[in-house]
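This note sets out some points on the internal cavities of the model and on a strand pairing connected with them. Please read it alongside the sequence and the coordinates.

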Amino acid sequence: MTKYIIQRLLLMIMTVIIITCICFVLIRMLPPAELPLNDIHTKVIEARREAQGYNKPYMVQFGIFLKNVFTRFDWGVSDKLYFGQDVATIFLSKLPATVFVNLYSILLSIPLGIGFGIVAALKRNTWVDYTISTLTMVVISTPSFVFAFLIQYFLSYKLGLFPFLMNAGTDYMSWGMFVSMLPVILSLSFSVIANFTRTTRAELCEVLTSEFMLLARTKGLTKAQATVRHAFRNCMVVVVPAILGEFIGIMSGSLVIEKIFAVPGVGGLYLNSITARDYPLFLMVSCFYTIVGLLAGIVIDISYGFIDPRIRMGSKK
Amino acid sequence: MKKLSTVLLVLCLCLSVFAQAASEAAPAAKSAAPAAEAPAAPVVEAKPTVVEFKGDYVFKDSVSTMAANWNPHTYETSDDAYPVDSAYIRLGLYNIIFNDEIHPVEGKDPFKGYVVIPEMAAALPVDVTEEVKASHPEYNIPADAKASYAYKIDLNPKAVWENGVAINADTYVYSMEKLLDSKLLNYRATDYYAQEFAIAGAEGFANSGRTIKKTNSLDGENCDYQIADLVKGADGSYATKEGYKAYFGLTDANYGWMSGNTLTSYAKYFPEGVLAALQAMADEKGYVPVTDESLATLFKFTNSDNWGNETWEQLAFYLSYDFTYPTVDFSTVGIYKTGEYQIVLVLAKPLAGFNLLYSLTSNWIVYKDLYEACLKESNGVWTSTYNTSVETTLSFGPYKLVEFQADKFMKFVRNESWYGYTDGQHIYVDPTDGKTYPMYQTTSIECQVVAESSTRKLMFLKGELMQYGLQADDFATYRNSDYCYATPAETIYFLILNGYADAINQREGAADFDKAKVDLQCLLIPEFRKAVAVTYDKELFASTVSPARSGGYGIIGIAYVYDPETGSLYRDTPQAKQVLCDFYSVNVADYASLDDAVASITGFDPVAAKALFIEAFAKALEAGYVTDADNDGKSDQTVTITYSMSSDSDFMTRTIDYLNEKMAEVTAGTPFEGRIKFVKSAPLGNAWSTNIKNGMTDTVLGGWSGSALNPFGLTDLYVNPSYQYDAKWFDATKVILTKTINGEEITMNLRQWSDALNSKDVVINDKTYNFGDGIADIETRLEILAAIEGKVLTTYNYIPMLQNAGMSLLSQQVYWVIEEYNPVMIRGGIPYLKYNYDEAGWKSYVATNGGELKY
């Protein structure tokens, strides 16, 4: 297993460098943001681009970028969206808001999603199952911003239960902040709950009809015992990686939901950096997500072995 | 004793009557003095009793995009200007406020005009041109200049930073040095040398030692160098006589007269192999050194038929050359200290009066220690974090920044160090109750990012925001609300109508173009264009597609002030009214007055439109543009007018639907019945503009907005190919206009009239004409402006449709001191905002209304 992990980590480093290089070259191959014709500031913008080395060959620019990152951990300063500010600082200052709302959302979604899935599977082909399955499909087919607007209108405007927007500040653990996050958390949770419900129900239904479940019952286990000890654990082989997959999404945030509730997170950062051709910011965010995504892949693969000991990673047997 | 008491009483009575009379006379005398000095009225002789406000007054604002960098040297966008424009953390040397009894303007009722007051300055600038010209020849003030080049400005000694540190002459000089520092490459540096307000030596210092590619011709008429002037160097490349190396710019888009096109844009006209040969010689930026080889290659083009009738010397218009600014120090820049609180500003171009004061309403000063701590250098590139957070911001205005979270929230509170709260200048007499109030009743400003308009609306109705800009769906509900305010904007949106014959013919010649069913060439027929122009009722169009806006009739909007001293609007002048009457064929004699005649204009004349369409059809048949094979009297082809769409939207759909619907109504019974159709192009993004300029699409709602205080500057947009949408099919140098000015009949082309109107010397028959600001009288300038407007309108390249405006609701918590719109002051902003409720009272008021307010 150790050897396997080391192999995967080395592969990951190579992948990160290749992806970074591709991103670096591709973003700079985009035509530079158009300079306003006859604007008096055009000359200054051109001079600054020249000084920043944007007219040098791409690989020379990439070399300078790598040198700065590896020798000084300097990811550069934003030259458009947050002029003059360190891009790593900007990104890290915005990450907590995204992480907290998504974390709360997943913590709410896991028990509810799995719970509804179990109930639907145990009550398969009854009105309970039909109701849960239908609602699940409706929720999955509805974009999350629809829930956001409904929550904002009914819970914030009509009932006055929550503020319209997430509170300003960084005290994410405070009660006031948590309450202000609830509309965001709810908007994000609906589709996650529905996904977990659907996955859990499908897996559980399949496991419950397996022969080993019949064997467990004939050995004298009650239905509850057989379900919890055997069926549920087996269905977790699929559900747990799905949960881990959702955790990866924590980092990337939701562009639309963050915008509606004014969450000062990273949701729009990536897209905005591309639109504004803010190269340093784009590169920093790209590298971050590449590393997080690759690490998450490794964690998910390893997790299989812990959930189901029959699965052996890297084994050639 | 009784008699004595009576005498004493009578004496007391007399004294009190005299005292009363004296106290009444005083304000009248006081108000008369400064009025004579309009527009500036800084004199306040006695302290009036000023009402004191108690309580918390929070202005709750929202923006779509939060400011990220409000450094006066580097900020770029209007979003970034929020802390200055809306929260007043900085003030200029001068400020513009409403006129009232304390700051009167002769001939203007209170709050109907405005005055300029010294703000960070202590007094109005004093012209010291003669003095500086003699003592500082390094600033190159022209020998014949007597005024308007140099000003001595006394600074306000009470002005301090929010931490109490004094702002003095050193602050101004140091800040200007940093602003123009060539190594910092500050975005705002050009604001101080590339506009009307240009500080002497600023350009040289800001570019000190830098080599740039300079464009040989900016206007397509004049060249810095001719090709014959170039000198061949030892390496075989040609340079100017000063030694600046010359190039042909293959991809240089700075040739302003080419409307953004480059030499490569014309590659299709090059003989085979020419482009490839040039590209092989070009450097990585597309510059081809001028050598015998590159000239020989280009001669293949100039010798071909595609070069037309022009001579090869015209290649000079495609030249650029390396230009190196001499290395100079800051002493060459026209700003220096003459006292602890006194500076002298020397200008590169003359500027005086309101325009000078207006240019000084913004400020460039920075806090030295903090500024230097925020500077960072990496690989030779300097950046600064100054004014990007609470820690890096120091205010010297009425408010200071106390909270900031990027992309989320910012809060400003009163800056108690600001002199204006106690100097007796920042007060006004309320026109309603006659009492004297301090400006800036607001105690704090909270601004948060609210991206969605639906959220803004809900928050506004809950009393959580002060203003809500109406969206299209809201107009029916709120446009008649007592709390609804309309604010005109500068822009006129016109339908640009394609008239580029080459492009239209090329499109019709395409293999997939079905000439049997579709036609584009009718767009080239003048009668057809005129018919389109009178097909639409402008007010109806506005109310259908964009209710906040109104109908647009001229190419210059209703918000332009031609005389900043008085605030008079161009559109209100007889010249501007007459030009509209002429264009829309309204006979003024048929009306009681010119105003009535103008008021009758709708832009809609279905009878004339039908007649013009019939006439156009006859011409189109004759020219072979359309056919009528079945002799039914109708065109066999549909004239398909492609709208140059950047991206699709409800607005686009409404616009196209309206254009088609009304066109169908007007063309009913004509040969074009059902045969004219507006269609959307594919979403073109930013390319919508180049498509319309190149005639690849046929129409678009476009517009220009210029400085609200200078309508004269707009003319350049319609006659200068650098800006013109119609540059490919309208040459302003070929349109002749004759005007009688001061008894002299002057004939010039449209471009020349525009140049002369905008302070350029135009030489006609060895006589120089210049009708610029301060040179020609205002009536003459208005005559010329109106004449140019009339000429541009009659090209039918621009069909005015919409006058831009915005409508918003104002919270019941507050009200404007004056509700009437003022083109310069709008409604006064935060300084003139008054509160009906403080915060506690407002919460209670909202609660008693069930938490949901009605507007």
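1. The structure is a predicted model, and the values below are computed from it. A search of the whole structure returns 2 cavities of 30 Å³ or more.

2. The largest cavity holds about 60 Å³ of space. From chain A, A:Val44 contributes to its lining. Chain B contributes B:Leu179, B:Leu180, B:Asp181, B:Ser182, B:Leu185, B:Asn186, B:Ala189, B:Tyr193, B:Ala206, B:Asn207 and B:Arg210. By class, the lining comprises 7 nonpolar, 3 polar and 2 charged residues.

3. The second largest cavity contains about 40 Å³ of space. Chain A supplies A:Arg48 and A:Phe83 to the lining, and the residues from chain B include B:Thr74, B:Leu184, B:Asn186, B:Tyr371 and B:Leu375. The lining divides into 5 nonpolar, 4 polar and 1 charged residues. B:Asn186 lines the second largest cavity and also appears in the lining of the largest cavity.

4. Which strand gives the most to the lining of the second largest cavity? Strand S15 of chain B, residues 381-384, does so with 3 residues. B:Trp382, B:Thr383 and B:Ser384 are among the residues of this lining.

5. Strand S15(B) pairs with strand S14 of chain B, residues 375-378, in the antiparallel sense over 4 bridges. Within this pairing, B:Lys376 has B:Thr383 in S15(B) as its bridge partner; B:Thr383 is also a lining residue of the second largest cavity. The hairpin formed by S14(B) and S15(B) has 2 residues between the strands, and B:Asn379 adopts a positive phi near 50 degrees there.

Methods. Residues are numbered from 1 along each chain as its sequence is written. Chains are lettered from A and ligands numbered from 1 in the order in which they are written. This is a predicted model: local features need pLDDT of at least 70, side-chain atom pairs count only at pLDDT 80 or more; totals for chains, interfaces and linings use all residues. Side-chain values use heavy atoms; hydrogens and water are left out. On a 1 Å grid over the protein atoms alone, a cavity is a set of points where a 1.4 Å probe fits but cannot get out, and a pocket is an open set with protein on both sides within 12 Å along at least five of seven lines; lining residues have an atom within 4 Å of a point. Grid points are joined across faces, edges and corners, and a volume is the space filled by probe spheres set on the points. Ala, Val, Leu, Ile, Met, Phe, Trp, Tyr, Cys and Pro count as nonpolar, Asp, Glu, Lys and Arg as charged, and the others, Gly among them, as polar. Two strands pair if DSSP finds at least two bridges between them.
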